[in-house]
Amino acid sequence: MQRVTEAPRPSNRVLVVFGARGDLAARKLFPGFFRLHREGMMPEQFRIIGSGRHAPESDDAFRDTVREALAAHSDCELDGTWQEFASRLSFVASSAEDGADLADAVRAAEQEIDADGERLIYLSVPPSATGDMVRMLGATGLAEHCSLVVEKPFGH
């Protein structure tokens with residue numbers, strides 16, 4: 001991996017993407033994360049945990065979905081960098097009513113990589129679900145030391 005900038009890398013962290021099997025994630029988020037990884041602009045150690053109500057059969061099935069999205073929506077070649085990137089991807093089912101398994105997975109990943117940066121949580125959910133999701137993040141402790149990105153505009 002060749003770095004294109006002399007800017008320091010972000011701190012080690014976990015990124016959580018709600019709506020990870022949706023259209024926005026396929027067309028924009030995962031191609032963007034992969035490109036940043038290829039250019040050496042992601043943290044040295046990171047994990048991306050996809051989440052949503054319906055889990056794929058396995059983490060490998062989720063990785064296959066991401067690989068297919070990259071092939072369809074990115075001009076990046078899936079070279080050896082893909083295997084390294086894919087090894088950092090996983091999926092945990094969650095909902096606004098139950099985020100306990102996700103919270104456990106995030107904490108385990110943070111310990112595994114000795115995360116020292118804020119976790120990043122990206123909500124790609126309908127505006128009507130945003131409030132409930134934020135409450136779940138607070139109730140599970142995921143909102144602590146967190147940067148939150150809300151993809152959908154508020155209101156109707």
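Here are some short exercises on this structure, each with a worked solution.

**Before you start**

This is a predicted model, where local features need pLDDT of at least 70, side-chain atom pairs count only at pLDDT 80 or more, and totals for chains, interfaces and linings use all residues. Residues are numbered from 1 along each chain as its sequence is written, and side-chain values use heavy atoms, with hydrogens and water left out.

**Exercise 1. The sheet**

Task: Find the order of the five strands in the open sheet, and name its edge strands.

Solution:
- Start with the terms: strands (E, at least two residues) and helices (H or I, at least four residues) are DSSP runs, numbered from the N terminus. Two strands pair if DSSP finds at least two bridges between them.
- A little background helps here: strands of a sheet pair through backbone hydrogen bonds, either parallel or antiparallel.
- Now read across the open sheet: the order is β3-β2-β1-β4-β5, and the pairing is parallel.
- At the edges you meet β3 (89–93) and β5 (146–150), each of which pairs on one side only.
- From one strand to the next, the twist averages 20°.

**Exercise 2. Strand β4 and its neighbours**

Task: Work out how β4 is joined to β1 and to β5, and what lies across these strands.

Solution:
- Begin on the β1 side: four bridges join β1 (residues 13–18) to β4 (residues 119–123), and the two run parallel.
- Look at two positions in β1: Val 16 stands opposite Ile 121 of β4, and Phe 18 has Leu 123 of β4 as its bridge partner.
- Move to the β5 side: β4 and β5 pair in the parallel sense over five bridges. Here Ile 121 stands opposite Leu 148 in β5.
- Next, find helix α5 (residues 127–140): α5 lies across β1, β4 and β5 and runs at about 155° to β4. Such angles run from 0 to 180 degrees between N-to-C directions, with axes fitted to C-alpha atoms, for helices over the stretch in contact. Contact means heavy atoms within 4.5 Å.
- Finally, check burial, where buried means under 20% relative accessible area, exposed over 50%, and partly exposed in between (1.4 Å probe, protein chains only). Four of the five residues of β4 are buried, so this strand is largely enclosed by the rest of the structure.

**Exercise 3. A charged residue inside**

Task: Describe the surroundings of Arg 13 and find the nearest side chain of opposite charge.

Solution:
- Place the residue: Arg 13 lies in strand β1.
- Know the rules: Lys and Arg count as positive and Asp and Glu as negative, while His and the chain ends are not counted. A salt bridge is a side-chain nitrogen of Lys or Arg within 4 Å of a carboxyl oxygen of Asp or Glu.
- Apply them: Arg 13 is buried but has no salt bridge, and the nearest oppositely charged side chain, Glu 118, is 5.3 Å away.
- Look for other polar atoms: the backbone oxygen of Ser 11 is 3.0 Å from a polar atom of the Arg 13 side chain.
- List contacts, leaving aside neighbours within four places in sequence: among them are Pro 43, Phe 46, Ile 113 and Glu 118.

**Exercise 4. Salt bridges**

Task: The whole structure has nine salt bridges; examine three of them, starting with Glu 44 and Arg 9.

Solution:
- In the pair Glu 44 and Arg 9, the closest N and O atoms are 2.6 Å apart. Glu 44 lies in the loop between α1 (23–38) and β2 (46–52) and Arg 9 in the segment before β1, so the pair ties together parts that are 35 residues apart in sequence.
- Arg 27 and Asp 23 also meet in a salt bridge, 2.6 Å from N to O. These two are four residues apart in helix α1, so about one helical turn separates them.
- Asp 60 and Arg 63 form a salt bridge as well, with the closest N and O atoms 2.8 Å apart. They are three residues apart in helix α2 (residues 59–73), again about one helical turn.
- Compare accessibility: Arg 27 is partly exposed at 34%, whereas Arg 63 is buried at 19%.

**Exercise 5. Positive phi**

Task: Locate Asp 114 and decide whether this residue is buried or exposed.

Solution:
- Asp 114 is in the loop between α4 (100–113) and β4.
- Its phi is near 55°, a positive value in a residue other than glycine.
- With a relative accessible area of 60%, Asp 114 is exposed.

Key
Polar contact = N/O pair within 3.5 Å; in protein donor to acceptor, adjacent residues only side chain to side chain.
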